[in-house]
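Here are a few exercises to work through with the coordinates open in your viewer. Try each task before you read its solution.

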Amino acid sequence: MKVVILEDAEAVAKYGAAIFVKQIQKKPSSVLGLATGSTPVALYNELIKKYQSNQLSFSQVKSFNLDEYLGISGDHPQSYRHFMNEKLFKHIDINKKNTAVPSGDAKHPLDACEEYEQMIKNSGGIDVQLLGIGRNGHIGFNEPSSSLGSRTRVKTLTQETIDDNARFFAENESQPHLSITMGIGTILEAKQVVLLATGENKAQAIVDTVQGYITAQCPASALQFHANAVIIIDEAAASLLKNREFFRHIERENQKLEKSLGL
Ligand code: GLP
């Protein structure tokens, strides 16, 4: 697990975006795994800037989003489909037909989950999966106690997650309590995983992810199994980690190595 500690949220977004830029430049038909929440927005803004300055094209890119609320359709303003359209897709040259988000209004949600898995397989698999993290260590909507081998399925949200996400809903608007989410097993199959976290309220989840036991109680801890996972965090989110200086040292050495290899 590579842990990169940076000064602030802006640096986190830039570092994360650079990984996606490199990936798309290397393979224009990359398959991206995308995430919602407030954390990835700054990274999406960086990608939009690259597109607008003609440094990047998404015309051949395919994307799969991690999750969606169950019980609302894609045109609902709080749906993750709507979020992705507004925060990223409408600003870049991606073909909307190549963007997949689980359907929150599927008539047969269980079939829709199986189809989603099949679509990911048919695309050749996800090259880089972007992740945020919940305060309770969830990734996607894989809440604590999720099987570490789980696949795309319907998940019940914890009260903590409902409360955390209530800020996006109007006061008397009904808020979904169920979701469709890629499973932890699905996420672990991505060739590379990039997890972003900023702010002190993510510090406990980050220390549990990086230096805790691998346990379903902290779903993100399963990333310790992944051979190519990068955890990009700001000082505040890193504040409970032990050996922070060692992580900084590793990163400096990695940078030197990449430079000398011309990567
Ligand atoms: C939601 C999403 C997660 C996201 C989490 C954290 O629950 N399903 O994918 O990581 O929120 O969001 P934020 O970045 O706003 O803290």
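A residue counts as buried when its relative accessible area is under 20%, computed with a 1.4 Å probe on protein chains only. Keep in mind that this is a predicted model.

**Exercise 1. The inner face of a helix**

Task: Find which residues of helix α7 (residues 203-211) are buried, and what they pack against.

Solution:
- Step 1. Apply the cut-off to α7: A203, A205, I206, V207, T209 and V210 are buried.
- Step 2. Recall the helix geometry: an α-helix has 3.6 residues a turn, so residues three or four places apart point the same way.
- Step 3. Look for partners: the buried residues of α7 pack against the strands β1 (2-6), β9 (192-197) and β10 (229-234), and against helix α8 (244-260).

**Exercise 2. A threonine in its surroundings**

Task: Is T161 buried or exposed? Which residues does T161 touch, leaving out those up to four places away in sequence?

Solution:
- Step 1. Place the residue: T161 belongs to helix α5, which covers residues 159-165.
- Step 2. Compare with the cut-off: T161 has a relative accessible area of 2%, so it is buried.
- Step 3. List the contacts: beyond residues up to four places away in sequence, T161 touches N136, H138, F141 and E143.
- Step 4. Check the polar side: the side chains of T161 and T158 share a polar contact of 3.1 Å.

**Exercise 3. A glycine in a loop**

Task: Locate G125 and decide whether it is buried or exposed.

Solution:
- Step 1. G125 sits in the loop that lies between α4 (109-122) and β6 (128-131).
- Step 2. With a relative accessible area of 18%, G125 falls under the 20% cut-off and is therefore buried.
- Step 3. Its contacts, not counting residues up to four places away in sequence, are V31, I120 and K191.
- Step 4. Now take a pair from elsewhere in the sequence: G125 and F64 are 61 residues apart along the chain, and their C-alpha atoms are 9.9 Å apart in space.

**Exercise 4. Reading a sheet**

Task: What is the strand order of the open sheet of 3 strands that contains β4, and which strands are at its edges?

Solution:
- Step 1. The order is β4-β8-β7, with antiparallel pairing.
- Step 2. β4 (67-69) and β7 (153-156) each pair on one side only, which makes them the edge strands.
- Step 3. Neighbouring strands of this sheet are turned by 30 degrees against each other on average, direction ignored.
- Step 4. Zoom in on one pairing: 3 bridges join β4 to the antiparallel β8 (residues 178-181), and E68 stands opposite I180 in β8.
- Step 5. Add the helix: α4 packs on the sheet, where it touches β7 and β8, and its direction makes about 120 degrees with that of β7.

How values were computed. Residues are numbered from 1 along each chain as its sequence is written. This is a predicted model: local features need pLDDT of at least 70, side-chain atom pairs count only at pLDDT 80 or more; totals for chains, interfaces and linings use all residues. Side-chain values use heavy atoms; hydrogens and water are left out. Helices (H or I, at least four residues) and strands (E, at least two) are DSSP runs, numbered from the N terminus. Buried means under 20% relative accessible area, exposed over 50%, partly exposed in between (1.4 Å probe, protein chains only). A polar contact is a pair of N or O atoms within 3.5 Å; within protein, one must be able to donate a hydrogen and the other to accept it, and residues adjacent in sequence count only if both atoms are side-chain atoms. Contact means heavy atoms within 4.5 Å. Two strands pair if DSSP finds at least two bridges between them. Axes are lines fitted to C-alpha atoms, for helices over the stretch in contact, and angles run from 0 to 180 degrees between N-to-C directions.
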